[in-house]
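The exercises below are to be worked with the sequence and the coordinates side by side. Each begins with a task and continues with a solution in steps.

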Amino acid sequence: MENNFQKWITGLQHIGIPANDLEATTAFYEALGFHTAFRTVNEAAGEKVAFLRLGDITIETYENGQAAFSNGALDHVALNVTDIEEVFQTAKEKGFCTLDAEIQFLPFWENGVRFFTIVGPNKEKIEFSQYL
């Protein structure tokens, strides 16, 4: 069976890390050499959000007060895709467990992003995200 996802996935978009203190988290990653590429507020979730970059690595951290404070505390890995509609349809056809009934939108970056999330075999969350 052909793996259609390879047509649309272009690489790792970001790693999602929940934070209880966004300023402390941002300061920690800046001490590692990251810079803040984008800051915003996710109004729907009531969360402050920062995207931190170092080279081609991007971390999305968001203050939601739900940091696990344990190993394995990453919330999600986001894959960059070129056609979110096709990826969503393919994920449904393959029977993946999706956390979103439809493609979501957030007004992040210049034109926003569209995304949805699936659950992997180890309960890991994989987000498919397309910059608009």
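**Exercise 1: A residue in a strand**

Ala 78 is found in strand β5, in a model that is predicted. Determine whether Ala 78 is buried or exposed, and establish which residues Ala 78 contacts beyond its neighbours within four places in sequence.

*Solution.* Begin with accessibility: the cut-off for a buried residue is under 20% relative accessible area, and because Ala 78 has 0% relative accessibility, Ala 78 counts as buried. Next, list the contacts, leaving aside neighbours within four places in sequence: Ala 78 touches Gly 11, Leu 12, Gln 13, His 14 and Glu 127. Finally, compare sequence with space: Ala 78 and Gly 16 are 62 residues apart in sequence, while their C-alpha atoms are 7.5 Å apart.

**Exercise 2: The partners of β1**

Work out which way β1 runs relative to β5 and relative to β4, and give a pair of opposite residues for β5 and for β4.

*Solution.* Take β5 (residues 76–81) to start with: β1 (residues 9–19) is joined to β5 by 6 bridges, and the two strands run antiparallel, with Ile 9 standing opposite Val 81. Then turn to β4 (residues 57–63), which is joined to β1 by 5 bridges in a parallel arrangement, and where Glu 60 stands opposite Gly 16.

**Exercise 3: The nonpolar cores**

Identify which element supplies the largest share of the largest nonpolar core.

*Solution.* The largest nonpolar core has 11 residues, including Phe 5, Trp 8, Val 81, Phe 88 and Phe 128. At least two residues of this core come from each of α2 (84–93) and β8 (113–119), and the largest share, 4 residues, belongs to α2. As for Phe 88, its contacts, again leaving aside neighbours within four places in sequence, are Asp 100, Ala 101, Glu 102, Ile 103 and Phe 116. Apart from the largest core lies another core of 9 residues, among them Phe 38, Phe 51, Leu 106 and Phe 108.

**Exercise 4: Two pockets**

Describe the lining of the largest pocket and of the second largest pocket.

*Solution.* The largest pocket has a volume of about 560 Å³, and of its 29 lining residues the closest to the centre are Asn 42, His 76, Leu 106, Phe 115 and Glu 127. Its lining comprises 14 nonpolar, 9 polar and 6 charged residues, and the largest share, 4 residues, comes from β9. The second largest pocket holds about 200 Å³ of space; its 13 lining residues include Ile 17, Pro 18, Ala 19, Thr 25 and Ala 67, the closest to its centre. By class, this second lining divides into 9 nonpolar, 3 polar and 1 charged.

How values were computed: Residues are numbered from 1 along each chain as its sequence is written. This is a predicted model: local features need pLDDT of at least 70, side-chain atom pairs count only at pLDDT 80 or more; totals for chains, interfaces and linings use all residues. Side-chain values use heavy atoms; hydrogens and water are left out. Two strands pair if DSSP finds at least two bridges between them. A nonpolar core is a set of buried Ala, Val, Leu, Ile, Met, Phe, Trp, Tyr and Cys residues joined through side-chain atoms within 4.5 Å. Buried means under 20% relative accessible area, exposed over 50%, partly exposed in between (1.4 Å probe, protein chains only). Contact means heavy atoms within 4.5 Å. On a 1 Å grid over the protein atoms alone, a cavity is a set of points where a 1.4 Å probe fits but cannot get out, and a pocket is an open set with protein on both sides within 12 Å along at least five of seven lines; lining residues have an atom within 4 Å of a point. Grid points are joined across faces, edges and corners, and a volume is the space filled by probe spheres set on the points. Ala, Val, Leu, Ile, Met, Phe, Trp, Tyr, Cys and Pro count as nonpolar, Asp, Glu, Lys and Arg as charged, and the others, Gly among them, as polar.
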